[in-house]
Amino acid sequence: MKLIGSTTSPYVRRIRILLDEEPYEFINLDIYGEGRDELRRNNPALKIPMLEDEGQELYDSRIIARYVSAKQNRDPLTWDQQNQLTLIDAANDSAVTLLLAKRSGIDVDADVMFFNLQRERIMTTLRTLAAQVEEGQFEAWNYPAICLYCLVDWLDFRDLVDFTGVESLLAFRDSRKDKPWVAQTDPRQA
Ligand SMILES: N[C@@H](CCC(=O)N[C@@H](CS)C(=O)NCC(=O)O)C(=O)O
């Protein structure tokens, strides 16, 4: 099994934590720099993570997680858990968009429709996820909890959002720091 990704991507980190003790080769690429040709050879969507196992190629963390979970005989996710993943991914995708715009020299704080929509989506999804944390919906250390952890820790690492009003997300993150593979996959030690 081969996982193509980077040590900073929150989408890759969730798969690395899910893979747990599974033996696999990790290819760490700088997808915006010298690793881009390798990415082009492996995923036409030009995104990470990408997994290859026994000749099967898989694009997108959601599909990779389904594949790995099936191999590990984990229970399939409920519809409510699928919705949690959709909210986590919506916030994550908008935050990646903001980061790439920032790195392109664009003023992401400008009062323009495109960035207003991303910021609004990030806050509506984070507020909903924070309320779910407060209701105890993320108590179990399962795939949705792993994805939420990786999102919150990455938003904090990249300093992309103001956590005022959603502090329970940071408390959730802080209380899960000792879970398996969390420290080893910390993007700060990349
Ligand atoms: N839906 C994808 C999103 C993956 C994604 O956006 N990964 C980022 C890295 S954090 C990426 O590859 N971005 C490249 C780009 O947007 O050009 C998944 O869940 O795997």
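This note goes through the ligand site, the pocket around it and a few backbone features of a predicted model.

1. The ligand and its pocket. The ligand sits in the largest pocket of this predicted structure, and that pocket has a volume of about 640 Å³. On its own the ligand has 510 Å² of accessible area, of which the protein covers 85%.

2. The shell. The residues that surround the ligand are Ser9, Pro10, Tyr11, Ile31, Tyr32, Leu46, Lys47, Ile48, Pro49, Asp60, Ser61 and Leu100. By class, this shell divides into eight nonpolar, two polar and two charged residues, and the polar contacts in the next point should be read against that background.

3. Polar contacts to the ligand. Two of the contacts involve nitrogen atoms of the ligand: a polar side-chain atom of Asp60 lies 2.9 Å from a ligand nitrogen, and a polar side-chain atom of Tyr32 lies 3.3 Å from a ligand nitrogen. In the case of Ser61, an N or O atom of the side chain is 2.6 Å from an oxygen atom of the ligand.

4. The lining of the pocket. The largest pocket is lined by 29 residues, and those nearest its centre are Ser9, Tyr11, Tyr32, Ile48 and Val96. Helix 1 (10-19), helix 3 (61-71) and helix 4 (79-103) are the elements that give two or more residues to this lining, with the largest share, seven residues, coming from helix 4. The lining as a whole divides into 14 nonpolar, six polar and nine charged residues.

5. The loop between helix 2 and strand 3. Two residues of the ligand shell, Leu46 and Pro49, deserve a check of their backbone geometry. Leu46 lies in the loop between helix 2 and strand 3, and Leu46 has a positive phi of about 60 degrees although it is not a glycine. Pro49 is found in the loop between helix 2 (36-42) and strand 3 (50-53) as well, and the peptide bond that leads from Ile48 to Pro49 is cis, with omega near 10 degrees. For context, most residues other than glycine have a negative phi, and most peptide bonds are trans. Ile48, on the other side of that cis bond, is itself part of the ligand shell and is listed among the lining residues nearest the centre of the pocket.

6. The loop after helix 4. Asp107 is found in the loop between helix 4 and helix 5 (113-134), where a polar atom of the Asp107 side chain lies 3.0 Å from the backbone nitrogen of Asp109. Measuring from C-alpha to C-alpha, Asp107 and Leu19 are 37 Å apart in space, and they are 88 residues apart in sequence.

Note on methods:
Residues numbered from 1 in each chain as written. Predicted model: local features only at pLDDT ≥ 70, side-chain atom pairs only at ≥ 80, totals over all residues. Heavy atoms only, no water. Near = heavy atom within 4 Å. Polar contact = N/O pair within 3.5 Å; in protein donor to acceptor, adjacent residues only side chain to side chain. Areas by Shrake-Rupley, 256 points an atom, 1.4 Å probe, with all protein chains shown as cover. 1 Å grid on protein atoms, 1.4 Å probe; cavity = no way out; pocket = protein on both sides within 12 Å on 5 of 7 lines; lining within 4 Å. Sits in = over half its atoms within 2 Å of the grid points. Nonpolar A, V, L, I, M, F, W, Y, C, P; charged D, E, K, R; others polar. Points joined across faces, edges and corners; volume = space filled by probe spheres on them. Helix = DSSP H or I, 4+ residues; strand = E, 2+ residues; numbered from the N terminus.
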